[in-house]
Amino acid sequence: MEEKIYKGRKNGMAVLSAVILAYAAAIAAVVVSGIDIDRNGASALSVTGMTAGIAVLALGWIFLAGLKVLKPQEALVLTLFGRYVGTLKENGFYFVNPFCVGVNPASKTKLSQSGDVSEPGSGLLSIANGAQGISIPADYGNRKLSLKLMTLNNSRQKINDCLGNPIEIGIAVTWRIVDTAKAVFNVDNYKEFLSLQCDSALRQVVRIYPYDVAPNVDTTGDGHADEGSLRGSSDVVAARIRDEIQSRVTLAGIEVMEARITYLAYAPEIAAVMLQRQQASAVIDARKMIVDGAVGMVEMALERLNEKGVVQLDEERKAAMVSNLLVVLCGNHDAQPIVNSGSLY
């Protein structure tokens with residue numbers, strides 16, 4: 001199904017004025033004919049005027065059904081007896097065939113996104129639809145499609161990364177409708193379709209990456225291990241999620257502008273253990289740095305003592321000095337110095 005623009009003109013105001021004048025004339029005709037019949041009896045002219053006035057009053061509202069008002073960044077998909085006749089996309093006051101019906105299967109669907117904020121007193125009924133909350137308004141007569149940029153905030157999902165660790169992740173997807181005919185006719189409900197495809201694409205991509213950098217993990221599919229991760233390569237992961245979603249929703253006439261990770265954390269059941277693991281890794285890295293520095297300082301001290309000729313140490317005394325210096329430099333507590341006032345030996 002390809003989109004085509006409806007060729008109707010913006011003559012809604014003229015038609016509305018004509019209908020108002022016709023109603024005024026019909027009321028006047030009924031009143032005048034009624035007075036004439038009451039005074040002079042029924043005549044052909046008065047009966048004709050009465051009949052015409054009643055007919056206009058009874059059927060004139062049909063033309064009002066053809067009046068359509070569009071604001072900027074709105075569209076209306078029109079069908080005539082089940083046949084797609086075109087889409088109104090430019091803002092203005094239109095008059096179309098009164099029997100044309102606007103179609104929007106997602107008009108009663110409200111997702112957790114911009115552009116779907118319910119107003120007080122709208123009477124929304126909430127139901128559950130998978131991981132996404134959906135509300136159905138009691139009055140869903142508005143069949144217009146919004147062409148504005150909208151942001152979909154899907155609920156957080158618990159997904160296993162490539163190492164099997166359960167994580168919680170949430171994304172925000174910025175999207176818009178670019179083909180109204182595909183959005184309306186190619187899928188049953190384009191909003192629900194987008195939400196479900198976002199969930200599916202997110203799971204597909206997250207399972208490729210580890211939460212943090214891990215050895216021997218190939219995230220690009222080139223057969224070589226790399227340092228890609230959900231935490232460290234968020235821009236790359238977000239771009240991959242966007243491309244994956246776009247490939248799934250193109251048939252629905254939707255363009256995905258951007259996808260961003262809004263929440264990322266280990267699942268609560270392993271969060272404490274993973275925190276201990278990160279702390280242990282940090283302690284090991286710190287100890288390694290301390291030992292490397294201490295060895296360099298000991299080496300420098302021995303070289304300086306040897307260059308200055310301050311004291312001559314044999315191998316046994318050098319070993320004892322190295323041991324003492326490493327204990328002092330690598331210890332967690334301040335050293336307690338002992339001053340030796342006697343002979344070194």
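Buried means under 20% relative accessible area and exposed means over 50%, with partly exposed in between. Leu-57, at a relative accessible area of 32%, is therefore partly exposed. The structure discussed here is a predicted model, and Leu-57 is a handy place to start. This leucine sits in helix H2, which covers residues 44-59. Together with Ile-27, Val-31 and Ile-35, Leu-57 makes a nonpolar surface patch of about 320 Å². Helix H1 (residues 12-40) gives the patch its largest share, 3 residues.

Stepping back to the whole chain, the secondary structure adds up to 8 helices and 12 strands. The chain has 345 residues, and 31% of them count as buried. About 20700 Å² of surface is exposed, with carbon and sulfur atoms supplying 57% of that area. Looking only at contacts between residues at least 6 apart in sequence, 68% join residues at least 24 apart.

As for confidence, the mean pLDDT of the chain is 81, and 86% of the residues reach 70 or more. Residues 117-141 are another matter: pLDDT stays under 50 throughout this stretch. The model still has 41 contacts beyond four places in sequence for residues 117-141. Where pLDDT is low, the predicted coordinates should not be read in detail.

Turning to the interior, the largest nonpolar core holds 41 residues. The residues with the most contacts inside this core are Trp-175, Tyr-190, Leu-194, Ile-241 and Ile-245. Strands and helices both feed into it: strands E2 (74-80), E9 (150-153), E11 (166-177) and E12 (254-266) each supply at least two residues, as do helices H4 (180-185), H5 (190-206) and H6 (234-249). Helix H5 provides the largest share, with 8 residues. Leu-194 gives an idea of the packing: leaving out residues up to four places away in sequence, it touches Leu-152, Trp-175, Ile-245, Val-249 and Ile-254. Apart from this core lies another one, of 9 residues, among them Leu-70, Leu-78, Leu-80 and Tyr-94.

Helix H5 also carries a glutamine, Gln-197. With a relative accessible area of 18%, Gln-197 falls under the 20% cut-off and so counts as buried. Beyond residues up to four places away in sequence, Gln-197 touches Ile-245, Arg-248 and Val-249. Ile-245 and Val-249 also turn up among the contacts of Leu-194.

Over in strand E2, Leu-76 is buried, at 5% relative accessibility. Its neighbours, setting aside those within four places in sequence, are Lys-68, Leu-70, Gly-86, Thr-87, Leu-88, Gly-102, Arg-143 and Lys-144. One of these, Arg-143, is 67 residues from Leu-76 along the chain, yet the two C-alpha atoms are separated by 6.9 Å.

Asn-91 occupies the loop between strand E3 (83-88) and strand E4 (92-95). It is partly exposed, with a relative accessible area of 38%. Not counting residues up to four places away in sequence, Asn-91 touches Lys-10, Leu-70, Lys-71 and Pro-72. The C-alpha atoms of Asn-91 and Lys-68 are 9.9 Å apart, with their positions 23 residues apart along the chain.

Charged pairs round out the picture, with a count of 11 salt bridges. Two of them meet at Glu-74, which counts as buried at 13% relative accessibility. Lys-71 pairs with Glu-74, their closest N and O atoms being 3.9 Å apart. Lys-144 also forms a salt bridge with Glu-74, again with the closest N and O atoms 3.9 Å apart. This second pair links distant parts of the chain: Glu-74 is in strand E2, while Lys-144 lies 70 residues away in the loop between strand E7 (132-137) and strand E8 (145-146). Lys-144 is partly exposed, with a relative accessible area of 26%. A further salt bridge joins Glu-269 to Lys-158, with the closest N and O atoms 3.4 Å apart. Because Glu-269 belongs to helix H7 (residues 268-308) and Lys-158 to strand E10 (residues 157-160), the pair ties together parts that are 111 residues apart in sequence. Lys-158 is partly exposed, at a relative accessible area of 43%. Through shared partners, salt bridges join Lys-71, Glu-74 and Lys-144 into one network.

Key: Residues numbered from 1 in each chain as written. Predicted model: local features only at pLDDT ≥ 70, side-chain atom pairs only at ≥ 80, totals over all residues. Heavy atoms only, no water. Core = buried A, V, L, I, M, F, W, Y, C linked by side-chain atoms within 4.5 Å. Buried < 20%, exposed > 50% of the residue type's maximum accessible area, 1.4 Å probe, protein only. Helix = DSSP H or I, 4+ residues; strand = E, 2+ residues; numbered from the N terminus. Contact = heavy atoms within 4.5 Å. pLDDT = per-residue confidence, 0-100. Patch = residues over 30% accessible without salt bridge, like charges linked within 9 Å, V, L, I, M, F, W, Y side chains within 5 Å. Areas by Shrake-Rupley, 256 points an atom, 1.4 Å probe, with all protein chains shown as cover. Salt bridge = Lys/Arg side-chain N within 4 Å of Asp/Glu carboxyl O.
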